[in-house]
Amino acid sequence: MERNCCVTTGMFDGVHAGHRCLLRQLRDEAARRGLSAVVVTFARHPKAVLSPDFRPRLLTTPEEKADLLRAEGVERVVTLDFTPQMAALTARRFMQEVLAPLGARVLVAGYDHRFGHARAEGFSDYVAYGKDLGIDVVQAVELDSPAHVSSSVVRRLLSAGDVSAAARLLERPYRLAGRVVPGRKQGRLLGFPTANLCPPADKLVPALGVYACRAEAAGRLWPAMVNIGRRPTLDNGRDVSVEAHLLGYPASEAGELYGETVALHFVDRLRDEHRFPSTAALCAQLADDAAQVRQILSL
């Protein structure tokens, strides 16, 4: 059996402001009782298991989520594979078969969080089961915020391209990382070489358009002009690409990024993507975009 701990459970996709409010209460409760703070979460979204046709685009990979949780003072992150068998567990059996063996002595339940088969049980049930299992169940208070904060709302904002509003709910810019793969090298010919990113298949990519970002590459942060789209002026077809032009990065070293991971932090959206009458017109717009990025990032 693991050492005694104070635990909370949930998907925690994005680790947004609401999650962080709950995590502060978990951390404080654990400290008050002399316990370790533990989060039990899931690699796959439970809805994807319960509804096979549902394919949610995630805000955080399991690795990103674990890093963010630890940054909030969580001492241990337990990532479970949510399966149909787990979905069939009642709340009592989940507490008995999953939480108790972890050494759970306290369960901090989100103010509106329900778990167990069909989410049929509620907080009073958890309290009763906890008394039998030796787990004290306490309910967290809701985040005091004028706006509703949820992972679904953040996904909708990003899907609409409103990365600045999403950042306010996340309390940080949205992060999209991917391995750099060879592209058509047309950006280099235009004077704007780009790193073409291949993000994870289940990671949410913001709406098509041009963005001001900060990019983690080659061991430092770079201001970046990012295009998500089909590059209609260059006849890229229907394929959607994620391309980052790193302002100030030596063009002669761009090839050294192939195979490396570059992470983009989305600060603001500049404009829609559209077809220009010529490559000269496109280049002029790219120069304007780069100037806007510098202004937004206060360079």
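This is a short walk through one protein chain, from the whole fold down to a single alanine.

Okay, hi everyone. One thing up front: what you're looking at is a predicted model.

Let's begin with the overall picture. The protein chain has 299 residues, and 49% of them are buried. If you go looking for secondary structure, you'll find 10 helices and 11 strands. As for dimensions, the C-alpha trace spans about 75 × 40 × 40 Å along its principal axes.

Now, how is the chain wired together? Take the contacts with a sequence separation of 6 or more: 73% of those link residues 24 or more positions apart.

On to the outside. The accessible surface adds up to about 14500 Å², and carbon and sulfur atoms own 51% of that. And the charges? We've got 38 positive and 34 negative ones, and the mean positions of the two sets sit 2 Å apart.

Right, let's zoom in on A167. Where is A167? You'll find A167 in helix α8, which covers residues 163-170. Is A167 buried or exposed? Its relative accessibility is 16%, and the cut-off for buried is under 20%, so A167 counts as buried.

Who does A167 touch? Leaving out residues up to four places away in sequence, A167 makes contact with R172 and P173.

One last pair for you to find on the screen: A167 and L247. Along the sequence they are 80 residues apart, and in space, going C-alpha to C-alpha, they are 22 Å apart.

That's my tour, thanks for listening.

Note on methods. Residues are numbered from 1 along each chain as its sequence is written. This is a predicted model: local features need pLDDT of at least 70, side-chain atom pairs count only at pLDDT 80 or more; totals for chains, interfaces and linings use all residues. Side-chain values use heavy atoms; hydrogens and water are left out. Helices (H or I, at least four residues) and strands (E, at least two) are DSSP runs, numbered from the N terminus. Buried means under 20% relative accessible area, exposed over 50%, partly exposed in between (1.4 Å probe, protein chains only). Contact means heavy atoms within 4.5 Å. Accessible areas come from the Shrake-Rupley method with a 1.4 Å probe; for residues, only the protein chains shown count as cover. Lys and Arg count as positive and Asp and Glu as negative; His and the chain ends are not counted. The place of a charge is taken as NZ of Lys, CZ of Arg, CG of Asp or CD of Glu.
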